[in-house]
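Dear colleague,

I am handing over the structure we spoke about, and below it I set out what was found in it. Please read the notes with the model open beside them.

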Amino acid sequence: MNRPLRADRRIHRFRPQRSRFSSGIFTVAALLFLLTLAGTVGLKTVVNDATWFDCFYMAIITLTTVGFAETVELGQAGRLFIVGYLIVGIGVFTYCASQIGSWIVNVQMGRLLERRRMERELANLRDHYIICGLGRMGEIIAWKLDQRGLPFVVVDINEDVLDSTCTENGWLFVLGDATDDEVLQKAGIEHAAALTTVLPTDADNVYVTLSARMNSAKIQIIARSSTEKAVQKLERAGANRVVSPFTTGAMKIARFMLNPAIEDFLEVADHHGNELELADVQIDETSPYVGQRLMETDLRERGVMIVGIRRASGERLMPPPGTAAIQAGDSLFAFGSNQAISRLVERDD
C-alpha cells in the first residue's frame with residue numbers, strides 16, 4: 001500500500017480570480033446608473049416644465065447618442081447642459097467599455113495561464129491518485145484526498161461539472177473521456193500510485209480498468225461495480241479491488257444492527273476530526289524499528305496499535321504477540337488516528 005505523502009507534496013491550487021471581475025462589473029453598472037441619474041436630475045433642474053420621465057428619456061438618448069428629437073424645449077441652459085453631459089457621458093461610457101473588454105481579455109488569459117500551469121503540474125506529478133468520474137462518489141473521494149493534502153487528478157467528460165467543482169476548489173483535472181488512453185496519459189497514469197474508476201456504468205468502468213492496466217502494470221486500481229456480475233469482469237480486467245456501493249452499504253447497515261456501540265464510537269471519532277485509519281506500513285532496512293520486539297517499541301505511546309504483521313515470506317501474524325520481532329521487509333498493519341499514522345510513516349521514512 002502506498003504511504004501517505006507529506007505536506008510538502010501537496011498540489012498547487014488554482015484559484016480563479018472571479019471576485020475582481022464581479023466587482024468590476026458592479027463598478028461599471030454603478031457608474032452608468034449614477035450617470036443616468038445625474039442627467040435626469042440635471043435636465044429637470046435646467047428645464048422646470050419638463051416631467052421626470054421626459055428628463056429620463058432625454059438622458060438616455062443623449063447618453064447612447066441615438067439622436068431622436070427633443071421631447072421638451074431645452075433652451076440655452078439646457079443645450080449647454082447637454083453639451084457637458086455628452087462630453088462626460090462619452091468619456092465614462094468609453095471607460096466602462098474599455099474596462100469590460102480588458103476584464104474579458106484578462107479572464108480568458110487567466111484561464112489560459114491556469115491551464116498551462118495545470119499542464120506543467122500534471123507533468124511533474126508522481127505517486128498521485130487519479131479519480132475517473134466526478135459524480136457523487138467521485139466528489140466524495142476527491143474531498144477525502146483533499147483533506148489529507150494528497151495530490152490527485154480528476155478525469156471527467158463534463159466541462160461544466162469540472163468548472164463548477166474542480167476549478168472552484170483548486171483541484172487538478174483533465175477534461176476528456178476516461179476510457180481514452182490519451183486522456184489517462186495526460187492524467188499521468190504512468191507515474192500514478194492508484195486509480196479509481198467510479199463512472200456510472202459497469203461497461204465504462206471495465207473499459208477504464210482495462211486501459212489503466214495496459215498503461216501501467218504496477219498501479220493500484222479500485223473500481224466501482226453496480227452489479228455482482230461485473231465484479232469478476234472488473235477483476236479480470238485488472239482491478240485490484242472492486243467495491244459495490246450497495247453491498248458495502250448493506251454491510252455497514254448490518255454492522256449498525258449488530259454492533260451499534262462500535263459504530264457509534266467510530267462515528268464520534270470521525271466527527272471530532274480524529275478519524276481512525278488502518279494502514280499498511282512498509283518496513284525497510286533503514287527503519288528504526290528493525291530488530292525490536294513489538295513490546296519494546298514506542299508504537300503504543302504514539303497512539304498506534306499493530307493488529308497484524310505480514311512477513312516478506314508471506315507469513316501472517318494475526319494478531320502478533322508482543323515478543324514478535326520486527327524484520328526488514330515486514331508489513332505492519334497499523335491502526336490509529338490519521339495524525340498518529342502520518343507521524344509513524346514520516347518517522348519510518
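In what follows, two residues are in contact when they have heavy atoms within 4.5 Å of each other. Please keep in mind throughout that this is a predicted model.

With that meaning of contact, and leaving aside its neighbours within four places in sequence, L195 is in contact with I130, C132, L184, I189, V208, A212, I219, Q220, I221 and I222. L195 also belongs to the largest nonpolar core, which has 38 residues, and within that core I130, F152 and L195 touch the most other members. Another core, of 18 residues, lies apart from it and includes Y289, V304, I326 and A340.

For the protein as a whole, the secondary structure comes to 11 helices and 10 strands, and buried residues make up 37% of the 349 residues. Among the contacts with a separation of 6 or more, 61% are between residues 24 or more positions apart.

One helix pair deserves a description of its own. The axes of helix α7 (residues 202-215) and helix α8 (residues 229-237) come within 8 Å and cross at roughly 15°; since angles under 35 degrees count as roughly parallel, α7 and α8 are therefore roughly parallel to each other. Their crossing is right-handed, and the contact is made by D202, N205, V206, T209, L210 and R213 of α7 together with A230, K233, L234 and A237 of α8. Sorted by class, this contact of α7 with α8 has 5 nonpolar, 2 polar and 3 charged residues.

K186 lies in helix α6 (residues 181-186) and is exposed, its relative accessible area being 56%. Leaving aside neighbours within four places in sequence, K186 is in contact with L122 and V174, while K186 and F173, which are 13 residues apart in sequence, are 9.6 Å apart in space from C-alpha to C-alpha.

Finally, there are two points of backbone geometry to look at. Most residues other than glycine have a negative phi, and most peptide bonds are trans. The peptide bond from M318 to P319, however, is cis, with omega near -5°, and P319 lies in the loop between β9 (316-317) and β10 (331-337). D127, a residue other than glycine, has a positive phi, near 55°; D127 is placed in the loop between α3 (75-124) and β1 (129-132) and is partly exposed, with a relative accessible area of 38%.

With best regards

Note on methods: Residues numbered from 1 in each chain as written. Predicted model: local features only at pLDDT ≥ 70, side-chain atom pairs only at ≥ 80, totals over all residues. Heavy atoms only, no water. Axes fitted to C-alpha atoms, helices over the stretch in contact; angles between N-to-C directions. Helix = DSSP H or I, 4+ residues; strand = E, 2+ residues; numbered from the N terminus. Parallel < 35°, antiparallel > 145°, perpendicular 65-115°, else oblique. Left-handed = near helix turned anticlockwise from the far one by under 90°. Nonpolar A, V, L, I, M, F, W, Y, C, P; charged D, E, K, R; others polar. Core = buried A, V, L, I, M, F, W, Y, C linked by side-chain atoms within 4.5 Å. Buried < 20%, exposed > 50% of the residue type's maximum accessible area, 1.4 Å probe, protein only.
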